[in-house]
Structures are given as structure tokens and as C-alpha cells.
Amino acid sequence: MKVLVINSGSSSLKYQLYDMTDESVLAKGLVERIGMDSSILTHKPADKEEVVEVSEILEHNTAIRKVIDKLTDKTHGVLASVDEINAVGHRVVHGGEFFNESALVDKEAKKNIRALIDLAPLHNPAAVMGIEASEVNMPGVPQVVVFDTAFHQTMPERSYLYAIPRVLYSKYKVRRYGFHGTSHYYVSLAAAEFLGKPIEDIKIITAHIGNGGSLTAIQGGVSVDTSMGMTPLEGLMMGTRSGDLDPAIVPYVMNKEELTVGEMNSMLNKHSGLLAISGISSDMRDITDGWEKGEPNAKLAFEMYEYRLRKYIGSYAAAMNGVDVLVFTAGVGENSAIVRKAVCDNLSYLGIEIDEELNKIRSGDARRISTPNSKVEVLVVPTNEELVIARDTYRIVEESQA
């Protein structure tokens, strides 16, 4: 089976084509600036030169058609025809309480994804556009939706409910949902496999830290708590998101600065975090460079980021009454030895001890960075959300056709 994995944004579309016989990536690419006359399609087939094409792509139907054209191109393609695509898997950010696992696309699934647009106004409409564009361009090809929130549907009420009038949950489903679930699921399984232990027998804290970031406490093989909330704004300090703050700050600042709801939302999501404190960048590489050059605001941004991250790790160790494995993943988690060292050096009370030389090694494979004496295994595990989507798509389509 060949599976096309699609991550559809409002003005972009990422794709990867998998051959599920060996889970190899046949091609991948990105369509940028959808809706403009100078859209960019970057197509990278395996073992062939990358191709970049600039053209007018005004909506997702055209974007998918252009992707198929590239996948089946005689020179740059990897397929003889579109008929070789056996299934399509879509990343969908919000599954709410409708979806606790991946699902086959049908009328009911699309209706429920649309019903959640209030909870994910930027992401779910784009996912629907990607699904419908795939239906137009690949009629009859089964499609599967894989949700960022689904892995966290195992959280108990004490973890997901907020201490506000319960009627708000009953009427509007105001609760913690959590995100990055596909990544937390993948790296927790990979960590257990790396250690040769059943995932049900170990307490794991997974740190998915990139421009966005979240932590998850995993016990008995399931998510029991996670740092993002009803939206991806809650939790850790991130690249441009504030993370946790006193809710009373919102009306206070809105009143003082005469801000609209939209302006306040934009400030907290797009103009806060590392960017706001450093005044330099939302990118951790720029922050660490600035710190090394003696920039005081970059140093403060780094210290705040590390402190928040460490606090959450400590709180999840308390929530699970211990921790056996700490996993770092995503852009910062996989690549920033400085962040990992700063966090782990301040978790010595948990018995964490890292090997500084192992920590400095950069690799595309899962690896241990803790010492033999460390009471907690500390791992760096590269995430692969696209592979999870491809695997779920393959499994669900196979089951539906059995």
C-alpha cells in the first residue's frame, strides 16, 4: 500500500508519500503561499533532485492537483499514475471528545471536525479543505484522519477539567484537550522499545519542545496529563506563545491598552514567549547565540524557558509518584544540548545525571544521554508524526477492507 500523508494549513500544505511495505518515504514536499499568484511548490523525490515551482495556486484543490502532478511526473515523479495512491492520511489538530483515536473519513467524521471549528478556528477549517480537495482529486480513495488531541483522551477528569463552573464544560466543552499527541505517542513507544521494556511498566515524561512545546505524563502506556490546555496556548513558555499566566492579566491589559479580543489573542499567541522577552527572536538558536554574546534579555529568556520546562517535569514526576524515563524530542528537544543540560543539571534531586559527551552528540537515531548511575533514563528520540499518520492510515484502511 502507498499512503499519501497530508498536513493542510490555511495557506500551506505539507505532504509525504510512503511505501508501507518498508515504511520508506518515496517523496515529500511543501506548497506555500496558497491563495496567492506566486505560490511555491517544493518537491523532493527520494534519490532525485529537489524541484521548486512558482505558480498561481489559489485554493487547496489546485494545491493537491499540483502535488499529484509532481508525484506522477515522468522526470521528477515516483508514481506511474495517481491510481497507485491507495490511501490518504490527514493530520487534524482538534478531535475534541468526538475522536479518541484515528478514524476513517465519512460524512459523520467531516461533520464532527466542522463542529470543532470553534475550538480550532485556524486549523480545523484547513484540514477540512485538505480532505475535500483530496476527495475531488482522488475520488474513491479511502481517507483517514489522525488527531493531535486523540492520545490525550485517556486523561482522567481531575487532569482535564478546569476549576470553573461545570456548566461551561457541559455547554461548551471547555476542558483540557492537549496537543502534539501524535508525537508524544510515537516517542513514548520508541523509548520503551529502545529500553526493551513494556510501556505499561514505566512512567514516562515526554518533552516535545520546538517553536511550540508541550510535556506529557505517560503512565500505564497512556496520557494522564499534558501541559497544553483547551488550546495550544497553555503550559510552557514557547517561541511566540506566553504559556501559563494569571487569567486576570487578560482583562486588565485589555482595559489598559484598549485592546480587542482578537488583538489580545494575537499578543498572547504571536508576540509573547521567547520573542517578547528576548526582543531578538522566537528561535532558540538565536536565543542561545545572543546569550553567548552577552545579551542580557536573551539570557533572561533562556532562563525563563528552562525554569518553566523544569517546573513542569517536576510536577509530572509528583503527579505520577515518580518517573523512570525522560524523553526530549522535536526541534529544540532533539537539537539543543544546552537546553537539555540546563534542565537535567537542575533535576539532580530526581537522581538524573547526564553524560555531557553523549549529550553533545547529534544523531538521527534514538539515544541515551544519561549516565549508568542515573536513576532516570534520559533519552533523545527524534519524532516522526508523519509515520504515525501513515501507520494509522494503513491499519484502518486494511481493517475496513477486511
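**Strands and nonpolar cores**

Me: How many residues lie between strand 1 and strand 2 in the hairpin that they form?
Reply: This is a predicted model, in which local features need pLDDT of at least 70 and side-chain atom pairs count only at pLDDT 80 or more, whereas totals for chains, interfaces and linings use all residues. Residues are numbered from 1 along each chain as its sequence is written, and side-chain values use heavy atoms, with hydrogens and water left out. Strand 1 (residues 2–8) and strand 2 pair in the antiparallel sense over seven bridges, where strands are DSSP runs of E with at least two residues, helices are runs of H or I with at least four, both numbered from the N terminus, and pairing needs at least two DSSP bridges. Within the hairpin, the number of residues between these strands is four.

Me: Which residue takes a positive phi near 60° in the hairpin of strand 2 and strand 3?
Reply: Strand 2 also pairs in the antiparallel sense with strand 3 (residues 24–32), over seven bridges, and Asp 19 stands opposite Ser 24 there. Four residues separate the two strands in this hairpin, and the one with the positive phi near 60° is Glu 23.

Me: Why is strand 2 largely enclosed by the rest of the structure?
Reply: Burial here means under 20% relative accessible area, against over 50% for exposed and in between for partly exposed, with a 1.4 Å probe and protein chains only. Strand 2 spans residues 13–19, and it is largely enclosed because the number of its seven residues that are buried is six.

Me: Which helix gives the largest share of the largest nonpolar core?
Reply: A nonpolar core is a set of buried Ala, Val, Leu, Ile, Met, Phe, Trp, Tyr and Cys residues joined through side-chain atoms within 4.5 Å, and the largest has 35 residues, with Tyr 305 and Leu 309 among those with the most contacts inside it. Elements supplying at least two residues each include strand 9 (204–209), strand 12 and helix 13 (337–345). The largest share, nine residues, comes from helix 11.

Me: What is the relative accessible area of Val 325?
Reply: Apart from the largest core lies another, of 28 residues, with Val 325 among them. Val 325 lies in strand 12 (residues 325–329) and touches, beyond residues up to four places away in sequence, Leu 195, Ile 205 and Val 376 among others, contact meaning heavy atoms within 4.5 Å. Val 325 is buried because its relative accessible area is 1%.
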